[in-house]
Structure formats: C-alpha cells, structure tokens
Amino acid sequence: MASLQVGAGRGVGCCFGPLDGRRQERRATAALRPPRAGAGAKVAEEDKVRLGESSVAVSKLGIGAWSWGDTTYWNDSEWDDRRLKEAKAAFDASIDNGMTFFDTAEVYGTALMGAVNSESLLGDFIRERQQKGAVEVTVATKFAALPWRFGRGSVLSALKKSLERLGLPSVELYQLHWPGLWGNEGYLDGLADAYEQGLVKAVGVSNYNEKRLRDAHARLKKRGVPLAVNQVNYSLIYRTPEENGVKAACDELGVTLIAYSPIAQGVLSGKYTPENPPTGPRGNTYTPEFLAKLQPLMNRIKEIGVSYGKKPTQVSLNWLTCQGNVVPIPGAKNAGQAMEFAGALGWSLTADEVEELRTLAREIKGIKMPIEES
C-alpha cells in the first residue's frame, strides 16, 4: 500500500459566485474531467484534501464499502459471485477515476446469512490491484463500541484484527464507529495509543454529537494527537449536522466532516419514484408518500444538472462538497456507480444554486441512523 503525501490545507468551499447564465460557460466548467489515477498513477496533490490537522490527505471524494459483503441491509439479503465481481469492478473504477479513499468497518459484512467481511474484501481488492503495479490507496476503518468491550486495550485488539483482515501493517484512518454506552474515554485513549504506535496515521470518531466531539478533541489534544474527522450522516435531505452544531464545531476545531449516505442511500440519484420505491429496509422510510414529497426538489436537481450536463447524483454530491470541509463517501456497488460519482468532481454549483437547493429541501428529512446522536 502506498502512503499518501501530505496535501495542501484542509478543503474549503468550492462554490463559485453567480455566473452570467451563459450555457456554454457553465458546460465548459462542468466538462472538466475528474482526476484519473489510472493503473499505478497517483492522484495529484491539488485533487486531495487533508483530514483535519493530520498528515493524511485523501481524494476529495471517497467510497464507502458498507454494502460490500453485506446481507443484512444491502444486496437483497444475498452475497454471491456476481455481487463480488461487481464490487471489485467498483473498486477498480474508483481507482481509475481518482477516488482512492475507501472507508470500511469491522462490522460491515459480519458473518450472518452468508455475509463476507468488508475489510477482507477490500484487502483482497487492494492486493489484486497491486499485482498490476503500484497503486495509491487510502484506507479508513472503524472500531465497534460494543457493550462488552472495555478500555483502551479493546481498541488496539480490534484494530490488529482489522489489520489482519485487510492484510495491511497500518491504516491511514481509524475511527470510533459510534459512542459507546460507557468507556468512551478509554476508547479515545486507545486511539491515541494506536496513533503513537504507528498502527494508524490519523484518528477520528463517527456519529458524535457536538459535545462528544469537543470532548474527544480536547482529550486527544492532551496526548498531542489531532482529531482528524467526525463521520456523520449528511446529505441535501439530511442536514442535521448543520442544525445540531456538529458542522460548525468541525469547522471551528479543524476537524474534517466525512459525510456518509451523501445521496441518502440512493434516493437523490433520481432512480426512485413514488411508482418505483426502493426495496428492502430502505423502503420502510423512503415510501411512495415520501418520494412524492421529494419530487419538486428532484425536478429542480435534474434541471440544474441538465444545465451542466450532469446527473442528479453528481449534483447532489457536488452540493455537499460546496459546503467546505466535507468529504462525501457514497457507496459504490458496481463500476457504473463509481464512474457516476466521479462526475461530481472538477466543477461546481454556484452559491445561488446551493442555497436554492437547501431551501427546496427544507421540509424534507431523510433517514436517521440508529447509531446517531442528536
């Protein structure tokens, strides 16, 4: 695994001011190709953002690996060779299109109902790709704060098992997946221990509210360890981080916000309609009634996309990057999705368009995950 070099400063807002409306100018801006890494090439430094005050720089768009190997929420409760090949193709397409940051977790693809661990799959994909030549990959994984885990030692133990599954000596980013019912100070101490031992290059938290975020930042700072990220649920139709102080606190403290479910589990792709809702657990929230309420926003997203030659997914991801200090990590189940995500890079919505979409989305609320804190 090739390590990333330290990038320039943290990401800042990318939105241009209002344009003069000339369609050719807008299309010229949007037509900029996303960064392509190719086989063995590296992502240019200007196409990276640094995670908080750490030494780790990542591609401006990452890829979430929750669905890889999963049979409880994704993949219609089945994992087979076809889905495996599609996930591998998604990995390769991501690399080829300059998205070299991958986020997984020890609990993704747990051994239930034929599931395969996501960390193991990602490790296999990296090794298979390395056989073709040197490749730059940045890996993030997460510690599960399970009730029977106590103290800093549990973090180091879990991390070492994750490294075994990944087949790596270290990872760039290790995060606490959610706040534990107890023992969180010990978990933070475990993160600092892992950092000092060189097992991780940066540490972070996930699903932390503002108070927990500030407390974690302060505790790690006493050890001289920067809190690099807080990974939270954030999208155009789920703006809780803006409302509960988390986004503002991240900006103030110099902590990068990693946005999971950045296209609301596919709902902002435009794929689903009241007549064609998602299947599985998502269908319980994204009902035909919800999707009917969403249509005015989706219609405007599509209109804006047409003016740039972009798809709804790409407009929705670009909206997030325009917030500044945000790295979205959409989940790619196949190569087509990964290539579509790459089209969110290399252009920008105007500030007016960003605010218009926020206004249209004001009365819409996406899924709150059970592990989130208010």
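Student: What share of the 374 residues in the chain is buried?

Tutor: Buried residues make up 57% of them. "Buried" means under 20% relative accessible area, "exposed" means over 50%, and "partly exposed" is in between (1.4 Å probe, protein chains only). This is a predicted model, where local features need pLDDT of at least 70 and side-chain atom pairs count only at pLDDT 80 or more, while totals for chains, interfaces and linings use all residues. Residues are numbered from 1 along each chain as its sequence is written, and side-chain values use heavy atoms, with hydrogens and water left out.

Student: Why is Gly343 called buried or exposed?

Tutor: Its relative accessibility is 8%, and the cut-off for buried is under 20%, so Gly343 counts as buried. You'll find Gly343 in the loop between helix H11 (335–342) and helix H12 (351–360). Helices (H or I, at least four residues) and strands (E, at least two) are DSSP runs, numbered from the N terminus.

Student: What is Gly343 in contact with, leaving aside neighbours within four places in sequence?

Tutor: Lys310 and Gln314. Contact means heavy atoms within 4.5 Å. As for Asn318, 25 residues away along the chain, its C-alpha atom is 9.0 Å from that of Gly343.

Student: And Trp182, what makes it buried, exposed or partly exposed?

Tutor: Its relative accessible area is 43%. That falls between the 20% and 50% limits, so Trp182 is partly exposed. Trp182 lies in the loop between strand E6 (171–176) and helix H5 (184–196). Together with Trp148, Phe150 and Leu181, Trp182 makes a nonpolar surface patch of about 570 Å². Patches are made of residues with over 30% relative accessible area and no salt bridge: like charges are joined within 9 Å, nonpolar side chains (Val, Leu, Ile, Met, Phe, Trp, Tyr) within 5 Å. The areas come from the Shrake-Rupley method with a 1.4 Å probe, and for residues only the protein chains shown count as cover.

Student: How do you know that Arg223 and Glu196 form a salt bridge?

Tutor: A salt bridge is a side-chain nitrogen of Lys or Arg within 4 Å of a carboxyl oxygen of Asp or Glu. Here the closest N and O atoms are 3.0 Å apart, so the pair qualifies. The pair links distant parts of the chain: Arg223 sits in the loop between H6 and E8, and Glu196 in helix H5, 27 residues apart.

Student: What makes Glu243 and Lys365 a salt bridge?

Tutor: Their N to O distance is 3.4 Å, which also fits the 4 Å limit. This pair links distant parts too, with Glu243 in helix H7 (residues 240–243) and Lys365 in the segment after H12, 122 residues apart. Glu243 is exposed at 54% relative accessible area, whereas Lys365 is partly exposed at 42%. A search of the whole structure finds 27 salt bridges.

Student: How do you know which strands pair in the sheet?

Tutor: Two strands pair if DSSP finds at least two bridges between them. Strands E9 (residues 256–260) and E10 are joined by three bridges, so they meet that rule. One of the partners is Val327 in E10, bridged to Ile258. In total, eight strands form an open, parallel sheet in the order E3-E4-E5-E6-E7-E8-E9-E10.

Student: Why do E3 and E10 stand at the edges?

Tutor: Strand E3 (63–64) and strand E10 (326–328) each have a single partner strand, so one side of each is left without a neighbour in the sheet.
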